[in-house]
Structure formats: C-alpha cells, structure tokens
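I am going through one structure today and writing down what I look up. The entries follow the order in which I checked things.

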Amino acid sequence: MAMDFRALRSKIATSVKLSVALRLLVGGLALWCVVWSAQLFIAGNAYYNVKNSISLWQKKPELASIESIDRALDKIATALNYFPKNALYYQIQGQLYEWKAYSESESATVESMQTIKENESRKLSHAAASYEKSLALRPNWSGSWIGLASIKWKLNELDETFYTYLNRAINVGPQDAIVHKFVAEYGLAMFSARSVHYVKIQSRLKRHLDLGIQNPLSRDFVLNTIQKQNANATVCRWLKASSYPVRKRIPNCVSYD
C-alpha cells in the first residue's frame, strides 16, 4: 500500500512538472508571437510610410527634401533592424539613397558643385550596395536590377555592365511596370539625344512603350515621358501596329475623320 502511495505521488509530481513546463512553453510561445507581431507591425508601417513618400516624390520631385529623405532612411533602417533579410526593404533603401543624391544635387550652388558631385557619387554607391543586398536575397527581383542600371546611367557609365543589369531586369521581369518605365525613359532620352545608345535599346523601346501604356501601373509615367520628350508623333509612328486602346492614349495618334 505504501508503495502504491509513493508511486501515485511520483506520478502526480511528474504530472505537475509537465503541466508547469507546458504552461511555460505556451506562455513563452505566446510572448514570442506578441513580440514578433509588434515588430512586424512597426516594420510594415515604416515600409508603407516610406513607399507612400516615394510615390509622392515621383509625382512632385520638389517635395523630396533632404530632411524628409533622412526621416525615411531612419524608418527603413528600423524595418531592416527587425527583418535584416527582407529584400524589399533593401530595395526601398536603395531608392531612398538615389533620391538623396538627387535632392542634394538639386540644392547645389555653383561654388559647392564639386563637393555635391562627390556626395552624389557616395550616395549612389550606398544605393548600389542596398540593391546588391536585395539581389543577394532575391536574385530575380527586376526592381533591384533596374536600380543598379539607374545608378550606372546617373554616373554616365553606359558600359557593358549597365546593359547586363538592364538585360537581367528585362529577362526576369518582362511584364513589370518598373521595367517599362525605365526602358521608356532611358530609350526616349537616348533617341532625343541622338545617342549611339539608342541603337542598342531601339527594338526593346518600342515593345516596352506598348506594354507600358497597356499596364495601368506604368501608363501615366510612360505617357508623361513621351510628352516630356516631345515624341508623340514619333511614338505614334513606332506603334502603328499596336492596339487601338494603346494608340488612342497618345495625343493626335488616332484620327476620327
């Protein structure tokens, strides 16, 4: 009888220990979930806040002040602190460094131009590093390949590496809005400048002008780029085989006579 009592007591003690351990495990898991959820909320909120700022600057570049860009860089740094393996956050960080280089160059005076150019090159180097980190995590992200091509263009380095970046972006994201935008902007700039580089982009330019006008995420940007380059008539001629919905969006491209 005494043996049965001791065995029962031992079983009860073991059961209590297991129950306590289980409660501690569940409590720890619940706490981890709360902390993770809080971090996710903070990082996600920072990302969307920065994304909205960039969208605003794209429409009104004059609003991209150095102070607002620095605040955005702090926010995305917070997001990366919580999630250092998020490729999208690095891609956004790269865009912010590009915007900072732009903002600083816009505020330059003649006297400080040399210093500004050096700072611009440094910021673009930071942007390239962010894009490379993004691609290390997600190699088939067209936005980061376009980012690297954009930096090469801004540095006036239209070399083999530039076209490697551009071709990679087109190959991994042939239908992506960001690809349509960049090809349209770069190609029309080369055409307007009568640059030898136009020959290298000519066939792809026409295709991405068509696709860019079709895509609602790139349409306004592509049409505005055509207008800025005074290329309505030229693009209309290039896209004579395109669909009616595409051609009608180009001013004076469709006749109703």
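Is cysteine 236 buried or exposed? I found cysteine 236 buried, at a relative accessible area of 13%. I note here that the model is a predicted one.

Entry 1, the disulfide. I looked up why cysteine 236 deserved an entry: a disulfide joins cysteine 236 to cysteine 253, with an S to S distance of 2.2 Å. I count one disulfide in the structure. Cysteine 236 sits in helix α10 (residues 232-238) and cysteine 253 in the segment after α11 (244-247), so the bond ties together parts that are 17 residues apart in sequence. I then checked the other end, and cysteine 253 is buried as well, with a relative accessible area of 8%. The link of cysteine 236 and cysteine 253 is right-handed, with 90° about the S-S bond.

Entry 2, a salt bridge between helices. I listed the salt bridges next, and the structure holds four. Side chains of opposite charge can pair when their charged atoms come close. One of the four is the pair of lysine 100 and aspartate 70, where the closest N and O atoms are 2.5 Å apart. Lysine 100 belongs to helix α3 (residues 87-106) and aspartate 70 to helix α2 (residues 66-82), so this salt bridge ties together parts that are 30 residues apart in sequence. I looked up the exposure of both partners. Lysine 100 is buried at 12% relative accessible area, whereas aspartate 70 is partly exposed at 27%.

Entry 3, the network around lysine 152. I found lysine 152 in a salt bridge with glutamate 157, at 3.0 Å from N to O. Lysine 152 also forms a salt bridge with aspartate 159, the closest N and O atoms being 3.0 Å apart. Through shared partners, the salt bridges join Lys152, Glu157 and Asp159 into one network. I checked burial here too. Lysine 152 is buried, with a relative accessible area of 12%. Glutamate 157 is partly exposed at 34%, and aspartate 159 is partly exposed at 32%.

Entry 4, leucine 158. Where does leucine 158 lie? I placed leucine 158 in the loop between α5 (142-154) and α6 (160-172). Its relative accessibility is 15%, and because buried means under 20%, leucine 158 counts as buried. I asked for its contacts, leaving out residues up to four places away in sequence, and got Trp153, Tyr163, Tyr186, Met190 and His197. For histidine 197, which is 39 residues from leucine 158 along the chain, I noted a C-alpha separation of 8.2 Å.

Entry 5, the largest pocket. I looked up its volume, which is about 1,800 Å³. The largest pocket is lined by 43 residues, and those closest to its centre are Gln58, Trp99, Lys181, Glu185 and Phe221. Which helix gives the largest share of the lining? I found that α3 does, with eight residues. At least two lining residues each come from α1 (2-59), α3, α4 (113-137), α5, α7 (177-192) and α9 (219-228). By class, I recorded 20 nonpolar, 12 polar and 11 charged residues in the lining.

Methods:
Residues are numbered from 1 along each chain as its sequence is written. This is a predicted model: local features need pLDDT of at least 70, side-chain atom pairs count only at pLDDT 80 or more; totals for chains, interfaces and linings use all residues. Side-chain values use heavy atoms; hydrogens and water are left out. A disulfide is a pair of cysteine sulfur atoms within 2.5 Å. Buried means under 20% relative accessible area, exposed over 50%, partly exposed in between (1.4 Å probe, protein chains only). A salt bridge is a side-chain nitrogen of Lys or Arg within 4 Å of a carboxyl oxygen of Asp or Glu. Contact means heavy atoms within 4.5 Å. On a 1 Å grid over the protein atoms alone, a cavity is a set of points where a 1.4 Å probe fits but cannot get out, and a pocket is an open set with protein on both sides within 12 Å along at least five of seven lines; lining residues have an atom within 4 Å of a point. Grid points are joined across faces, edges and corners, and a volume is the space filled by probe spheres set on the points. Ala, Val, Leu, Ile, Met, Phe, Trp, Tyr, Cys and Pro count as nonpolar, Asp, Glu, Lys and Arg as charged, and the others, Gly among them, as polar.
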